[in-house]
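Grab a coffee and work through these exercises with the viewer open. Try each task yourself before reading the solution.

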Amino acid sequence: MEQELLEKLFHQASVHHSNSDEKSYMYLGIKISKQNNNYLLQLANNNYYTDPDLSSVFKQGWVVGVNKYKKIQYKSELNKIEKQIAYEMNNKKDFNEIKKLREKREHLLKKYNNTRKTLKQNNYE
């Protein structure tokens, strides 16, 4: 991602966090930081960070970009859970596992819908 866009996102993140003078900001698992004169955008996945190439997602700003990324991530997780539920129902028929997967799906659906609602309220969906 270009440094100019990252600098703009860093400024938006600082405003989102009440203009504090921090060197990094985190919102919904996405961290933007400033090290020397370089800006880094990192994702928190499984206790480690990766550098994403998400220029198109973040073109409309920090908060919108984070919500768009989270929407994509939730949708991906929902698809995986749907496949797991189908596998369990067709093969193993472990009803406790199916119940757990359905509860997990319900939890993710709430997060996904809240994210969609946030984007819709701001006319970004």
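**Exercise 1. A glutamate and its neighbours**

Not counting residues up to four places away in sequence, which residues does Glu88 touch?

Solution. Keep in mind that this is a predicted model.
- Start by locating the residue: Glu88 sits in helix α2.
- Next, check its cover. Glu88 has a relative accessible area of 9%, and the cut-off for buried is under 20%, so Glu88 counts as buried.
- Now list the contacts, leaving out residues up to four places away in sequence: Glu88 touches Lys93, Asp94, Glu97, Ile98 and Leu101.
- Take a look at one of those partners, too. Lys93 comes just after α2 and has a positive phi of about 60°.

**Exercise 2. Get the overall layout**

Work out how many helices and strands the chain has, and in what pattern they follow one another.

Solution.
- Count the elements: you should get 3 helices and 4 strands.
- Then walk along the sequence, and the pattern reads α-β-β-β-β-α-α.
- For burial, 31% of the chain's 125 residues are buried.
- Turn to the surface: the chain exposes about 8600 Å², and 44% of that comes from carbon and sulfur atoms.
- Finally, consider contacts with a separation of 6 or more: 47% of them are between residues 24 or more positions apart.

**Exercise 3. Check two helix lengths**

Compare the end-to-end spans of α1 and α2 with what you'd expect at 1.5 Å a residue.

Solution.
- Take α1 with its 14 residues: the expected value is 20 Å, and the first and last C-alpha atoms are 19 Å apart, which is close.
- Do likewise for α2, which covers residues 62–92: its 31 residues should span 45 Å, and the end C-alpha atoms are 43 Å apart, so the two values agree.
- While you're on α1, pick out its buried residues: Leu5, Leu6, Leu9, Phe10, Ala13 and Ser14.

**Exercise 4. Follow the rings**

Find out which residues the ring pairs link into a cluster, and describe the pair of Phe10 and Tyr39.

Solution.
- The structure holds 3 aromatic pairs.
- Phe10 and Tyr39 make one of them: the centres are 5.3 Å apart, with 55° between the planes, and the pair is tilted.
- Place both partners. Phe10 belongs to helix α1 (residues 3–16) and Tyr39 to strand β3 (residues 38–45), so the pair ties together parts 29 residues apart in sequence.
- Both Phe10 and Tyr39 are buried.
- Put the ring pairs together, and Phe10, Tyr25 and Tyr39 come out linked as a cluster.

**Exercise 5. Track down the salt bridge**

Find the partner of Glu82 in its salt bridge, and say which parts of the chain the pair ties together.

Solution.
- There is 1 salt bridge in the structure.
- Glu82 pairs with Arg105, and the closest N and O atoms are 3.1 Å apart.
- Glu82 is in helix α2 and Arg105 in helix α3 (residues 95–121), so the bridge ties together parts 23 residues apart in sequence.
- Check exposure as well: Glu82 has a relative accessible area of 37% and is partly exposed, while Arg105, at 21%, is also partly exposed.

**Exercise 6. One last isoleucine**

Is Ile72 buried or exposed?

Solution.
- Ile72 is part of helix α2.
- Its relative accessibility is 51%, and the cut-off for exposed is over 50%, so Ile72 counts as exposed.
- For a distance check, go from Ile72 to Val57: they're 15 residues apart in sequence, and their C-alpha atoms are 9.9 Å apart in space.

Note on methods. Residues are numbered from 1 along each chain as its sequence is written. This is a predicted model: local features need pLDDT of at least 70, side-chain atom pairs count only at pLDDT 80 or more; totals for chains, interfaces and linings use all residues. Side-chain values use heavy atoms; hydrogens and water are left out. Rings of Phe, Tyr and Trp (its six-membered ring) pair if their centres lie within 6.5 Å; planes under 30 degrees apart count as stacked, over 60 as edge-to-face and the rest as tilted. Helices (H or I, at least four residues) and strands (E, at least two) are DSSP runs, numbered from the N terminus. Buried means under 20% relative accessible area, exposed over 50%, partly exposed in between (1.4 Å probe, protein chains only). The expected span of a helix is 1.5 Å times one less than its number of residues. A salt bridge is a side-chain nitrogen of Lys or Arg within 4 Å of a carboxyl oxygen of Asp or Glu. Contact means heavy atoms within 4.5 Å. Accessible areas come from the Shrake-Rupley method with a 1.4 Å probe; for residues, only the protein chains shown count as cover.
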